[in-house]
Amino acid sequence: MAGAVPDMAAIEAARERHQRNDRLALPRREGLYLLTGMGGRGLLWSVLGAEVVAALAAREPPVVEPELADAIDPARFVRRSLRRAQ
C-alpha cells in the first residue's frame, strides 16, 4: 500500500453518501501518507513506493499509471467495505 491515508472520521460521517456513490473521492488525512505491506519484495518495491508517496506529498503528477495507483491505494479496503455494507 502506498498513498494518502483515508480520513475514517469524515468517511463515517458521510457513510451513506459514500455508499451510494462509488466514484466519490474518499476524504484523506492532510499530510499523512502510508507506504507498507511490501512483504518479501520490499527491497524491490520500496523505491517505486517512495516515488509514489513523494509525488503525492509534493502534489506532483503521478509516477505510475492510474490503474496501478488504484491497486496500491490504502483506501481500497475502505471502499470495499463500503460496497459490501450495502
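Here, buried means under 20% relative accessible area, exposed means over 50%, and partly exposed lies in between (1.4 Å probe, protein chains only). This is a predicted model, where local features need pLDDT of at least 70 and side-chain atom pairs count only at pLDDT 80 or more, while totals for chains, interfaces and linings use all residues. Residues are numbered from 1 along each chain as its sequence is written, and side-chain values use heavy atoms, with hydrogens and water left out.

Q: How many salt bridges does the count come to?
A: Let's start with the rule: a side-chain nitrogen of Lys or Arg must lie within 4 Å of a carboxyl oxygen of Asp or Glu. Arg15 with Glu12 is one of the pairs that meet in this way. By this rule, the count of salt bridges is six.

Q: How far apart, N to O, are the side chains of Arg15 and Glu12 in their salt bridge?
A: Glu12 is partly exposed, with a relative accessible area of 44%. Arg15 is partly exposed too, at 27%. In their salt bridge, the N to O distance is 2.8 Å.

Q: In which helix do Arg20 and Glu16 both lie?
A: These two residues form a salt bridge, with their closest N and O atoms 3.8 Å apart. They sit four residues apart, about one turn of the helix. Helices here are DSSP runs (H or I, at least four residues), numbered from the N terminus, and strands are runs of E with at least two. The helix that holds both Arg20 and Glu16 covers residues 15-20 and is H2.

Q: Is Arg20 buried or exposed?
A: Its salt-bridge partner, Glu16, has a relative accessible area of 55% and is exposed. For Arg20, the relative accessibility is 64%. Because of that value, Arg20 counts as exposed.

Q: How many residues apart are Asp22 and Arg79?
A: Asp22 and Arg79 form a salt bridge, and their closest N and O atoms are 3.7 Å apart. Asp22 is in the loop between H2 and E2, while Arg79 is in helix H5, residues 76-85. The pair therefore links distant parts of the chain, and the separation in residues is 57.

Q: Which residues are joined into one network by salt bridges that share partners?
A: Let's look at the pair from the last answer again. Asp22 is partly exposed, with a relative accessible area of 37%, whereas Arg79 is buried at 17%. Salt bridges with shared partners make one network of Asp22, Arg79 and Arg83.
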